[in-house]
Amino acid sequence: MSKCTFINIQVVIYLAIALSGCATYGVIDNHSQVADASPQNYSLTNYAAEHNRSDDITLVLAFSGGGSRAAALSYGVLEGLRDTQVTIDGKTVRLLDEVDMITSVSGGSFTAAYFGLHGDKIFNDFEDDFLRRDYVSEWVYGIASPVLWFSNRGRTDIATRIYEERLFKGATFADLNKRNGPLILINASDLGGGIRFSFVQEYFDLLCSNIASYPISRAVTASSAVPVMLNPVVLKNHKGCFNAAQNYLEELNEAQIAEAKLSPHLLETVASLRSYKNRDERQYIHLVDGGITDNLGLMAFYELVEIGGGITNFMKRIGSKPSKRLVIVSVNASTKPRYNIEHTNEIPDIEPTISAVTDTQLHRYNAATISLIRRSMARWSDELSSFWEPIDPYFVEINFEGIQQQQRRSFFNQIPTSLSLNKEQADALIAAGVELLEENSEFQRLLYSMNNE
């Protein structure tokens, strides 16, 4: 992002705050289950009925936040998986075609949603449709329009309209459900509940709502809605139904929770999920950037497994047998930029102070999340294994620490979190995604295992 563009954004944000005394209202796009009983809901169950990937491997991708930087790095990893061939049941297949799930937050959700909708078409169009466009300027021009000043619509509606016109063109979760691709789990943060919210029918069930007709563009907007810069995306918590998801949480008694040995984090998550039943108190759910509750996108998979009764139950739910290999590829586009505050004893301004504090919290939380996933994968593999069929876990970490050359690594770490990249940045990030995947030692161990059985 250029300095000029950054200044323009600051001006627009200050203007938006100044005008915040005028009430704005979130557009409600989620329909009631009572009024709209659609059979095309995007859920784990429907995914299980449709997918035809091999049971030789369970492959989950996690795309982090980080604006267009994250979208480009994730796109490069998809290219690398497309070009990687493995042998399964005596047949040569692309590893990309064996992906079971992509869980994403913020910038990574653009890549995940686009791939979920278009499959291989992403390799023809995504660079021009997203990575090579300056969405920051488009948003700035939209929000600066005097028309918005006298409207009851928020800044988020400008972003949603842009994504709708440029990327998703009216697509809903019913369209996503029609494709025989991986399950795409787009994640946002529930501002009032303090937990992650996933755009999948199991979560919409808690709101007595159907996800089928919900726009992909609005889900991606919610996943990337940075607070203050964008208004929350709002969902209506409907009344009038009781379904399997609500029933499961109600029946999950304290004895079952104790037996499952849920952590304090998971106990709090269960309590927050139960709170959706308090419809008079929680009439509207306000969703913001998914990176606030999990910037790596890994916790969505972890919580689905653990709260759902463990890895064995989860595998049954998605219609898969225990695979020989459990693989998670974490694409982490977080950066460690240099701060000029250490070059002087001058008291830093508020912007670099906030950036440094945010980065410190982010990296510490990321490190804790990765440690949790590593321990959990070992435990899940043991649970799925038998004496005759041991399950091998593979955790593939893709991040800029894997760039060996210091100068090149510094280049990536200085790319700001924005929805705008120049050509050099976009090209370098895509190439880095491919390279970091191919050169990752854990990924090479996986390939050797699959091709030398």
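These are my notebook entries on a few things I looked up in this structure, which is a predicted model.

**Entry 1: the annotated residues**

I started with the UniProt record, an unreviewed entry, where the annotation "active site" covers Ser-106 and Asp-289. These residues span 184 residues in sequence, yet their C-alpha atoms are no more than 5.9 Å apart, so they gather at one spot.

Next I checked where each one sits. I found Ser-106 in the loop between strand E5 (99-105) and helix H4 (107-118). Asp-289 is in the loop between strand E10 (284-288) and helix H15 (298-307).

Are they buried or exposed? Ser-106 counts as buried because its relative accessibility is 7%, under the 20% cut-off. Asp-289 is at 9%, so I noted it as buried too.

Then I looked up the neighbours, leaving aside residues within four places in sequence. Ser-106 is in contact with Gly-65, Gly-66, Ser-223, Ser-224 and Asp-289. Asp-289 touches Ser-106, and its other contacts include Ser-189, Ala-222, Ser-223 and Ser-224.

**Entry 2: salt bridges**

How many salt bridges are there? The count comes to 21, and I picked out three of them.

My first pick was Arg-218 with Asp-157, at 3.5 Å from N to O. Arg-218 lies in helix H11 (residues 216-223) and Asp-157 in helix H8 (residues 155-168), so this pair ties together parts that are 61 residues apart in sequence. Both Arg-218 and Asp-157 are buried.

My next pick was Lys-178 with Asp-175, at 3.7 Å from N to O. Both sit in helix H9 (residues 173-178), three residues apart, which means about one helical turn between them. I noted Lys-178 as exposed, with a relative accessible area of 64%, while Asp-175 is partly exposed at 29%.

I also looked at Lys-423 and Asp-427, whose closest N and O atoms are 2.7 Å apart. These two are four residues apart in helix H19 (residues 423-439), so about one helical turn separates them. Lys-423 is exposed at 59%, and Asp-427 is partly exposed at 29%. This bridge doesn't stand alone: salt bridges with shared partners join Glu-127, Arg-132, Lys-423 and Asp-427 into one network.

**Entry 3: aromatic rings**

I turned to the rings and found 22 aromatic pairs in the structure. Tyr-135 and Tyr-163 make a tilted pair, 6.0 Å centre to centre with 55 degrees between the planes. Tyr-135 is in helix H6 (residues 135-143) and Tyr-163 in helix H8, so the pair ties together parts 28 residues apart in sequence. Both Tyr-135 and Tyr-163 are buried.

Phe-400 and Phe-412 form a stacked pair, with 5.2 Å between centres and 5 degrees between planes. Where do these two sit? Phe-400 is in the loop between strand E12 (392-398) and helix H18 (406-413), and Phe-412 is in helix H18, 12 residues apart. I noted that both Phe-400 and Phe-412 are buried.

I also came across a cluster: ring pairs link Tyr-42, Phe-173, Phe-197, Phe-199, Tyr-203, Phe-204, Tyr-214 and Tyr-276.

My last lookup was a charge over a ring. Arg-82 lies over the face of Phe-123, at 4.4 Å from the ring centre.

Key: Residues are numbered from 1 along each chain as its sequence is written. This is a predicted model: local features need pLDDT of at least 70, side-chain atom pairs count only at pLDDT 80 or more; totals for chains, interfaces and linings use all residues. Side-chain values use heavy atoms; hydrogens and water are left out. A salt bridge is a side-chain nitrogen of Lys or Arg within 4 Å of a carboxyl oxygen of Asp or Glu. Buried means under 20% relative accessible area, exposed over 50%, partly exposed in between (1.4 Å probe, protein chains only). UniProt positions are given in the numbering used here, feature names are shortened, and annotations may be inferred rather than shown by experiment. Contact means heavy atoms within 4.5 Å. Rings of Phe, Tyr and Trp (its six-membered ring) pair if their centres lie within 6.5 Å; planes under 30 degrees apart count as stacked, over 60 as edge-to-face and the rest as tilted. A charge sits over a ring if NZ of Lys or CZ of Arg is within 6 Å of the ring centre and within 35 degrees of the ring normal.
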